[in-house]
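Subject: Structure for you, with some notes

Hi there,

Here is the structure I promised to pass on. Have a look at it first, and then read my notes below.

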Amino acid sequence: TETKSHNGPVLSNSSPQSLRSTFAAAGVPLEFESSGWSPTQLRQAVSLVLDTSAKTSSPLFLNQLYAGVDPIALAGEWMSATLNSNVHTFEVSPTLTEIEKSCLEKIARCWLNDDGEEAPAHDGLFVPGGSISNLYSLLLARDRMDPTIRQKGMDRSTNPLVAFCSDSAHYSYKKSAIVTGLGEDNLIEVQSDASGAMDPAALREAIAKSLKEGKRPFYVGTTAGTTVLGAFDPFDEIVSVCNEFTELNGGKKLWVHVDGAWGGGAMLSPTQKHLMAGAERADSFCWNPHKMLGIPLQCSAFVTRHQGSLQKANSAFAEYLFQPDKNNAGADLGDRTIQCGRKADALKLWLSWKARGDEGFAKCIDRSFGLGKFMQSEVETSEDKFVMVRDSQCSNVCFWYIPPRLRPFDPKTASKDQWTELSKVAPKMKNLMQDKGDAMIGFQPITDKGLVNFFRLVLPSPRHVTELDLRELLARMDAYGQDF
């Protein structure tokens, strides 16, 4: 039978072909026609879109690094859509521009641990996602290392730049290397430890090796809350390692970026803030409030301690927009960006933060981390039904379901055949759960750490998830897997 927890199935299993057939059978095909639809057809289409989409506010949507919606922030989303303004010039978005600046200042204060009377020197933007934030960091680092590249392009024969990130970092670092022309081969993966955090000794070795080969190190991308295991890199040690090479690198410091898209919210919690130790020494930082705070997608901020660096790296001085002799010319944000059109994503965060305050956001972060620890406890006391892959970090809980025929399962002594059999369990369980409309939970292997397919359950925006929801989920998973 279907699991109808709260508001029904999280998602009814379907294929691209079956979805198109469903819409066509209802008289509202996904393909375009020459004539317009009637109001009845529009209502039918709206209903079908809602019915066939994932219920991301379900307490059983545990698949991605976002879930649920903060209702106050949702009002901000509706408000910005109603205003339909582009935050490129002050004259068309005066209030929205100043709201964005206020949010960026607040985020910079939290990241840099600076609550002084004067705002810390900073620059920043709200951007379309953490991947674009990471791209901005690489662009600024490249511009600092060699500002001629924006005009002349990159000549690797005379300018062999190299960057570094861990082997557990988000794939957007690799995409940023592709987009900027750095190239995948020149983004060097640094080994992470068993928990998924970058190894500073391995970074030191990698930088030294690149210098010996005549290359020019300029950038290190770190992570606060890796996507799968939830690890926090040791920022203090990493910055210190980078600074060791300044003299050997022609006096050029390596730019250190913290990708805090997922776990950066730890900076808001007195309880979790220790995980961010040393992040304030980095050159730039990004954070996605749409992840752990339930701000509607998308809401992503990029900040740097280097005031004016965005304008310097990205400006094109479009004469029809950024006239130097117009009123409030210096208030424009648009020439700092690589975009022209840009939504007012700061408004929804500003409203929510004003309503909930620092304490409200801290409680939300603590709740998310706390549910992760609760889930780990449930796994560890499950009498061999489940086994943790690693301790819960951030609010990521990584575990294997062990079917009865493989119990007890000890990762330290398991045979190759047992690992092969276990690797088949997570895909089979996920498919069955989707058929039943039950919880959505991601799975994956980490091949270079010898980890076969396991579940990664994440707990973003946990206002609507209870301990009972999670306990009952594990019981259902065990019931489903009795014959696996």
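What follows covers one sheet, the helices that pack on it, and a single serine. Please keep in mind that this is a predicted model.

Let's begin with the sheet. It is open, has five strands in the order 1-11-12-10-9, and its pairing is mixed. Strand 1 (61-62) and strand 9 (386-388) form the edges, each pairing on one side only. Strand 9 runs antiparallel to strand 10 (residues 396-401), and three bridges join the two. Within that stretch, valine 387 has tryptophan 400 of strand 10 opposite it.

Two helices pack on this sheet. Helix 14 (residues 425-435) touches strand 10, strand 11 (440-446) and strand 12 (451-458), and its direction makes about 165 degrees with that of strand 11. Helix 15 (residues 467-480) touches strand 1, strand 9, strand 10, strand 11 and strand 12. The direction of helix 15 makes about 25 degrees with that of strand 10.

Now for the serine, which is in another part of the chain. Serine 166 belongs to strand 3 (residues 161-166). Is serine 166 buried or exposed? Its relative accessible area is 2%, and because the cut-off for buried is under 20%, serine 166 counts as buried. A polar atom of its side chain lies 3.0 Å from the backbone nitrogen of serine 168. Leaving aside residues up to four places away in sequence, serine 166 touches Val190, Met198 and Gly221.

Happy browsing, and best wishes!

Note on methods: Residues numbered from 1 in each chain as written. Predicted model: local features only at pLDDT ≥ 70, side-chain atom pairs only at ≥ 80, totals over all residues. Heavy atoms only, no water. Pairing = 2+ DSSP bridges. Helix = DSSP H or I, 4+ residues; strand = E, 2+ residues; numbered from the N terminus. Contact = heavy atoms within 4.5 Å. Axes fitted to C-alpha atoms, helices over the stretch in contact; angles between N-to-C directions. Buried < 20%, exposed > 50% of the residue type's maximum accessible area, 1.4 Å probe, protein only. Polar contact = N/O pair within 3.5 Å; in protein donor to acceptor, adjacent residues only side chain to side chain.
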